[in-house]
Amino acid sequence: MIGEVALEVLIPFITANLVNSIKAGAELNSILKEEIVGLLLENDIEKANDFIIPEMDTPYIILVVGVNGVGKTTTAINLAASLATLDKKVLLIDADPQANSSSGLGVDPAKVNTSVYDILIGSASATDAIMPTCVDRLDIVPSRIDLVGAELELLNIENREQMLRKQLRSLRNMYDYILIDCSPSLGLITVNCLTAADSVITPVQAEYFALEGISKLLNTIKIIKSKLNPKLQIEGFLLTMYDARLRLANQIYEEVKRHFQKLVFDTVIQRNIRLSEAPSFGLPALLYSPDSKGSQNYMMLARELLAKHHDTIKN
């Protein structure tokens, strides 16, 4: 009897709250969409159109840069491995003191004799630092923790922003693509990477806060273009950690794609546990779990990149 009375009271109460929650959720969804659009409008489309995707050149130097936690190093490793699998000769330069690209390709930073640190300060040539990896046709210039000290040493070097660019000249005839994975912090190392690159790939996590970095990145690239590297372009924004089940992720993709148009890759990188597991085995996802969604996504990205530059693709 008491249970029946309680149900008669609770059911209308629960129903009313559920209706209110759905209504509130719809209102919140609308507000959130306005916020997303607002963030993107900080980067007006005319500013984005300043960055025209360049013609294919060999070798083509691509910098992968973004804030922490958006899949920057994962993208550098797996895009490099995918391009190599498509019969391209690829060099990955690990310009991050954490050396995650190095360890993610099976290189132990503690056993590295010559690293990107040495080529930045001019104590070794780029060819001296090249090491093979577990992937055919993919080499790496590894990093070590001592790279953090390069910032101070570069201060006393003339044309310090040009050191990496000068070193890469000797590699021009050795590779089809050179990818650079650098730290998200804007210091002399990152400026060197931006000065040496032809274009930039920016991973963007499909979450609200990740959009805030787009404006700062565009402004940084614009400064580098005007002062140090007039040819620098944006290769594309790459949506990472994408979960199609989340309404927010879909909204962010739609708005970013609408706002930046051709500057956004059609390929999206979906959330995938295999992408997270692979680095602990010192392997790219392509070797660790070739049939995984993450591995397939990066292979699609490599094909899209090659097609964009009318480069030949291995079947």
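**Figure 1. Cysteine 134 and cysteine 193 in a predicted model without disulfides.** Let's start with cysteine 134: its relative accessibility is 35%, so this residue counts as partly exposed. Everything here comes from a predicted model. Cysteine 193 is a different story to look at: its relative accessible area is 1%, so cysteine 193 is buried. Does that cysteine sit within bonding reach of a partner, or too far for a bond? The closest cysteine sulfur belongs to cysteine 182, 4.4 Å from the sulfur of cysteine 193, and that is too far for a bond. A disulfide would need the two sulfur atoms within 2.5 Å. The structure as a whole holds zero disulfides.

**Figure 2. The largest nonpolar core and another one apart from it.** Cysteine 193 turns up again here, in the largest nonpolar core, which has 51 residues. Along with Leu63, Ile93, Leu164, Ile180, Phe237 and Phe260, Cys193 touches the most other members. Which helix gives the most to this core? That would be α9, residues 188-196, with six residues. Apart from this core lies another, made of 34 residues, with Ala84, Ile269, Ala285 and Leu305 among them. As background, nonpolar side chains tend to be buried together in soluble globular proteins.

**Figure 3. Helix α3, largely enclosed.** This helix covers residues 72-85. Twelve of its 14 residues are buried, so the rest of the structure largely encloses α3. The buried stretch takes in Lys72 and Thr73, then Thr75 through the run Ala76, Ile77, Asn78, Leu79, Ala80, Ala81, Ser82, Leu83 and Ala84. Ala84 is also one of the residues in the 34-residue core. Does the length work out, or not? At 1.5 Å a residue, α3 should span 20 Å, and its end C-alpha atoms are indeed 20 Å apart. After the helix comes aspartate 87, with a positive phi near 75°.

**Figure 4. Helix α11 and the glutamine just after it.** Helix α11 runs over residues 247-260 and has 14 residues. Its expected span, at 1.5 Å a residue, is 20 Å, which agrees with the 20 Å between its end C-alpha atoms. Which of its residues are buried? They are Ala249, Gln251, Ile252, Tyr253, Glu255, Val256, His259 and Phe260. Phe260 belongs to the largest nonpolar core too. An α-helix has 3.6 residues a turn, so residues three or four places apart point the same way. Just after α11, glutamine 261 takes a positive phi of about 50°.

**Figure 5. Serine 199 in strand β6.** Serine 199 sits in β6, which covers residues 199-205. With 0% relative accessibility, this serine counts as buried. Its side chain makes a polar contact with the side chain of tyrosine 60, at 3.0 Å. Leaving out residues up to four places away in sequence, serine 199 touches Tyr60, Ile61, Ile62 and Leu63, and also Leu232, Gln233 and Glu235.

**Figure 6. Threonine 220 in helix α10.** Threonine 220 is part of α10, residues 212-227. Its relative accessibility is 18%, so threonine 220 counts as buried, the cut-off being under 20%. Setting aside residues up to four places away in sequence, threonine 220 touches Leu186 and Leu194.

**Figure 7. The chain around these close-ups.** There are 14 helices and seven strands in the chain. Of its 315 residues, 50% count as buried. The accessible surface comes to about 15,100 Å², and carbon and sulfur atoms account for 55% of that.

Definitions and conventions: Residues numbered from 1 in each chain as written. Predicted model: local features only at pLDDT ≥ 70, side-chain atom pairs only at ≥ 80, totals over all residues. Heavy atoms only, no water. Helix = DSSP H or I, 4+ residues; strand = E, 2+ residues; numbered from the N terminus. Expected span 1.5 Å × (residues − 1). Buried < 20%, exposed > 50% of the residue type's maximum accessible area, 1.4 Å probe, protein only. Polar contact = N/O pair within 3.5 Å; in protein donor to acceptor, adjacent residues only side chain to side chain. Contact = heavy atoms within 4.5 Å. Core = buried A, V, L, I, M, F, W, Y, C linked by side-chain atoms within 4.5 Å. Areas by Shrake-Rupley, 256 points an atom, 1.4 Å probe, with all protein chains shown as cover.
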